[in-house]
Amino acid sequence: MANKTVMTDHSVAAYLEQVLPERRREDALVLDKLFRETTGFQARLWGDSIVGYGRYHYQYASGREGDFLATGFAPRKAKMVVYIMPGYSDYSEILSRLGPHKLGKSCLYLGALSKIDLDVLAELIEAGLKDLNGHWPVQET
């Protein structure tokens, strides 16, 4: 069974320019810059709405394998979804300094970035990539 969300050749810049509402678009552009600077990777669009940085190949004992984004975000109408924590480690100390967020299985839900400490978010991105790379080698996209 293959992943439904795969890397595409669609323009990240064109996608980000059409994000609504405007405040979410502005936040998405801030996140794009932060992720590029923090990861050193160029952005790629995964599926039709996830901006990803880096990728990794996984293969489970069941035989299922595939490629997926190493980290990234999706600007949704209600919240910004940040795909950042691979689920292998406890990030509670970093998260306690981040600002208002809701925690998903391997993602964060953020409201306005003006309430988030972006330096802490960069620290979390780095920690998540290091953690992921210890399980599955992270590569440039």
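These are my notes on a helix, its salt bridges and one buried glycine in a predicted model.

**Helix α2**

I began with α2, which runs over residues 22-39. Its 18 residues reach 26 Å from the first C-alpha to the last, close to the 26 Å expected. I then looked up its buried residues and found, among them, Ala 28, Leu 31, Leu 34 and Phe 35. Just past the helix, I noted that Gly 40 has a positive phi of about 80°.

**Salt bridges**

I found eight salt bridges in the structure. Two of them caught my eye in α2. Arg 23 pairs with Glu 26, with 2.8 Å between the closest N and O atoms, and Arg 23 also meets Asp 27 at 2.8 Å, N to O. Glu 26 lies three residues from Arg 23, so about one helical turn separates them; Asp 27 lies four residues from Arg 23, again about one turn. The shared partner joins Arg 23, Glu 26 and Asp 27 into one network.

How buried or exposed is each member? I read 43% relative accessibility for Arg 23, partly exposed, and 32% for Glu 26, also partly exposed. Asp 27 is buried, at 2%.

Next I checked Asp 9 and Arg 44, whose side chains form a salt bridge at 2.9 Å, N to O. This pair links distant parts of the chain, 35 residues apart: Asp 9 sits in the segment before α1, and Arg 44 in strand β1. Asp 9 is exposed at 74%, while Arg 44 is partly exposed at 21%.

**Gly 66**

My last stop was Gly 66 in strand β3. At 12% relative accessibility, I count Gly 66 as buried. Gly 66 touches Tyr 56, His 57 and Tyr 58, leaving aside residues up to four places away in sequence. I get 8.3 Å between the C-alpha atoms of Gly 66 and Tyr 56, which are 10 residues apart along the chain.

Key:
Residues are numbered from 1 along each chain as its sequence is written. This is a predicted model: local features need pLDDT of at least 70, side-chain atom pairs count only at pLDDT 80 or more; totals for chains, interfaces and linings use all residues. Side-chain values use heavy atoms; hydrogens and water are left out. Helices (H or I, at least four residues) and strands (E, at least two) are DSSP runs, numbered from the N terminus. The expected span of a helix is 1.5 Å times one less than its number of residues. Buried means under 20% relative accessible area, exposed over 50%, partly exposed in between (1.4 Å probe, protein chains only). Contact means heavy atoms within 4.5 Å. A salt bridge is a side-chain nitrogen of Lys or Arg within 4 Å of a carboxyl oxygen of Asp or Glu.
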